[in-house]
Amino acid sequence: MMEASAKDATETATHVAVKGEAAIKQEFITTKDAFHGFLDSEWQGSKGEKASENETPQEKKDPSVDEPECKKSKLDHEDVKKTEKQDKKRFRGQNKSRPHIKPTTYEEKRLCLSVIQKNGECKFGDKCIFYHDVAEYLANKPADIGERCYLYDTFGKCEYGLACRFATAHTTADFKTMEKEELVKAYEGRTLVKNSLSKDLQYRLRKRSVTFKKSEEYLKMLSDNKDKKEQQSNGDVCTAEVSAEPKEEIQHVSTEESLPTCPDIQPPVKTVGPLTDADVIKLRPCEKKKVDFKDKLYLAPLTTCGNLPFRRVCKRFGADITCGEMAMCTNLLQGHQSEWALLKRHESEDLFGVQVEGCFPDTMTRCAELINNYTDVDFVDINSGCPIDLVYKKGGGCGLMTRTRKFEQIIKGMNYVLDVPVTVKIRTGVQEKSNIAHKLIGEMKNWGVSMVTLHGRSREQRYTKLADWDYISTCAKLADPVPLFGNGDILSYEDAVKAKETGVSGIMIARGALIKPWIFTEIKESRHWDVSSSERLDILRDFTNFGLEHWGSDTRGVEKTRNFLLEWLSFMCRYIPVGLLERVPQKINERPPYYMGRNYLESLMASQNVDDWIRISEMLLGPVPKNFNFLPKHKANSYK
């Protein structure tokens, strides 16, 4: 019956090819109304259960999803033409006013940590606002999501105890938490996640009692060089003023003879000039760690979506290099827990770096020394490609590309204090038709950069046009022998092959990994992989399990995992299965039209509607709370 309804929906479609849309086989094309009508009719209630291929669908509609809008008549069509154009303009950029609901709001009252960890009496006593009576807490606690707890099955115990949303799997009748001794012993003494911020370090950062010895040395050198240059320039000015002789005669007069006529200026001291790589090597007693970047697949540092659970998924599919999300150097120096969370590294990430953003040599150098002393990383990346106004207007991100003197001081300063390589991520430039990356790359080779990643777009361009791989090829030749990675528009192994032909040392993948994380496997095996909807659901299930491990299996952790899952689904919904394509491969700039999948789940995963993403999340993480609200970070990621 389900197959018949899907067939009816596709037969009613009369699709005309539109520029910018992906080419899908005609038998799968449908209309917007037929597509959403089919999804709504197949959805079984509000429990998040999907209709399997063998089940008879129920004509019950989920009340949380509104009816699809009716088609506009020809008379109404002309009236709304202008408003539609305005809506299209609005559907670009970020949803800056989107609701930010903290995961803590989904649970009115939690179980006290002293009860969960069995620490005895609560140190807050009568002032504690959380539950201490287990029976009372369980009576008000939301229903469990499932009968099996991933943490308990994997590690032998669940540290969230009764607060876990899968607590029935490891709780006895008398409210005791069970453990599997063999699994607990197997993981004993093993550090799965590194680079956490300790309370002691956080306290010292907030009190500004952390010393930055090497940073102060470098900044003093900068200050001394600046003073010497100013003194020398003042001396030159004074010499020019007091000298009345013709130019030809002055050439025969020494500097020492002309200076005494200006008594306030001391004779200039001969300086060695700006800090060079040779100076760094002389001053550093230890040798820097060397990393072989060549011919590796690099998962880009992705804000919001490039979290630790997502990186673990990509590592399983063959990503060679992973990097943490962009972290603000000032927030790291102030000990912000949320910013330090971006530096965390899982044990599976064998080649891992962190990306920092800043606009001044002093803060960036101190931040680099902090990372060097208190974290375990293989390289540190400087973000000089962030296009957002918040960063750019302060002089960071893309702004560094136009502040070459500061950029040079930042790179040399970080090189001075770090034992690991310094890499840089840049764009082609700031203005759309004014590329400046080629000028910078020649300079950066002398500044001590170990690798450059070039995104083939300018700041103004964003994603309006394709990446300029011809320009990337030119820059790759200029960068030699420093490795240069290219980035932009890679969604298949064919795109990767063309990219490597430009002469780059490797490729960085960003949106392509969000749309289909198995792209790393496709590139390494040189094939197109037609991943079924059930396989994709298993990938999402792995992500949710990693999320529960990372953020927690209590209500707060579950809803945080759900939020990041929905952000990822806002990209993954763009994927079109290989078996449905008229022309292989899919291009990253082509939007999928409305189409019916080969089964209900495949159709559901193709939906661009936020409500359908929530349905998928309910299959994995149970029903959403009553006050749940979600809006994707980017406006263009969900449209009706």
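## A buried pair in helix 28

Arg615 and Asp612 are both buried. The two form a salt bridge, and their closest N and O atoms sit 3.1 Å apart. Both belong to helix 28, which covers residues 610-621, and three residues, or about one turn of the helix, separate them. Keep in mind as you look around that this is a predicted model.

## The protein overall

Stepping back, the protein has 640 residues, and 51% of them are buried. Its secondary structure adds up to 28 helices and 11 strands. About 32,800 Å² of surface is exposed, with carbon and sulfur atoms supplying 50% of that.

How much of the contact map joins residues at least 24 apart in sequence? Taking contacts between residues at least 6 apart, the share is 71%.

## More salt bridges

The Arg615 and Asp612 bridge has company: the structure holds 34 salt bridges. Another one pairs Arg511 with Asp489, with 3.2 Å between the closest N and O atoms. This pair ties together distant parts of the chain, 22 residues apart: Arg511 is in helix 23 (residues 511-515), while Asp489 is in the loop between strand 10 (484-487) and helix 22 (493-500). Are these two partners buried or exposed? Arg511 is buried, and so is Asp489.

Glu525 and Arg527 make a salt bridge too, with the closest N and O atoms 2.5 Å apart. Here the surroundings are described by another label: Glu525 counts as partly exposed because its relative accessibility is 45%. Arg527, with a relative accessible area of 32%, is partly exposed as well. There is also a network of salt bridges, which links Lys194, Lys289, Arg345, Asp376 and Asp378.

## Arg311 and its surroundings

Arg311 is part of helix 14, residues 308-316. Its relative accessibility is 2%, so Arg311 counts as buried. What does a polar atom of the Arg311 side chain find 3.0 Å away? The backbone oxygen of Gly306 lies at that distance.

Gly306 also turns up in the contact list of Arg311, which leaves aside neighbours within four places in sequence. The rest of that list is Leu299, Thr322, Cys323, Gly324, Glu325, Lys344, Glu349 and Phe352.

## Phe546 meets a distant stretch

Phe546 lies in helix 25, which runs over residues 533-551. Its relative accessible area is 6%, so Phe546 is buried. Along the chain, Phe546 and Arg312 are 234 residues apart, yet their C-alpha atoms are separated by 7.9 Å.

Which residues does Phe546 contact, once neighbours within four places in sequence are left aside? They are Tyr150, Pro309, Arg312, Val313 and Arg316.

## Nonpolar cores

The largest nonpolar core has 142 residues, and the members that touch the most others are Ile382, Met414, Met444, Leu484 and Ile507. Helix 26 (residues 555-572) gives this core its largest share, eight residues. A second core, separate from this one, has nine residues, among them Ala22, Leu580, Leu581 and Ala606.

Leu484 is a handy place to zoom in. Not counting residues up to four places away in sequence, Leu484 touches Ile441, Val452, Leu454, Ile472, Cys475, Ala476, Ala479, Val504, Ser505 and Gly506.

## Cysteines without disulfides

How many disulfides does the structure hold? The count is zero. Cys329 is in no disulfide, and the nearest cysteine sulfur, that of Cys367, is 5.4 Å away. With 2% relative accessibility, Cys329 counts as buried.

Why is there no bond from the sulfur of Cys359 to the closest cysteine sulfur? That closest sulfur belongs to Cys329 and is 7.0 Å away, which is too far for a bond, because a disulfide needs the two cysteine sulfur atoms within 2.5 Å. Cys359 is buried too, with a relative accessible area of 10%.

Terms used:
Residues are numbered from 1 along each chain as its sequence is written. This is a predicted model: local features need pLDDT of at least 70, side-chain atom pairs count only at pLDDT 80 or more; totals for chains, interfaces and linings use all residues. Side-chain values use heavy atoms; hydrogens and water are left out. Helices (H or I, at least four residues) and strands (E, at least two) are DSSP runs, numbered from the N terminus. Buried means under 20% relative accessible area, exposed over 50%, partly exposed in between (1.4 Å probe, protein chains only). Contact means heavy atoms within 4.5 Å. Accessible areas come from the Shrake-Rupley method with a 1.4 Å probe; for residues, only the protein chains shown count as cover. A polar contact is a pair of N or O atoms within 3.5 Å; within protein, one must be able to donate a hydrogen and the other to accept it, and residues adjacent in sequence count only if both atoms are side-chain atoms. A salt bridge is a side-chain nitrogen of Lys or Arg within 4 Å of a carboxyl oxygen of Asp or Glu. A nonpolar core is a set of buried Ala, Val, Leu, Ile, Met, Phe, Trp, Tyr and Cys residues joined through side-chain atoms within 4.5 Å.
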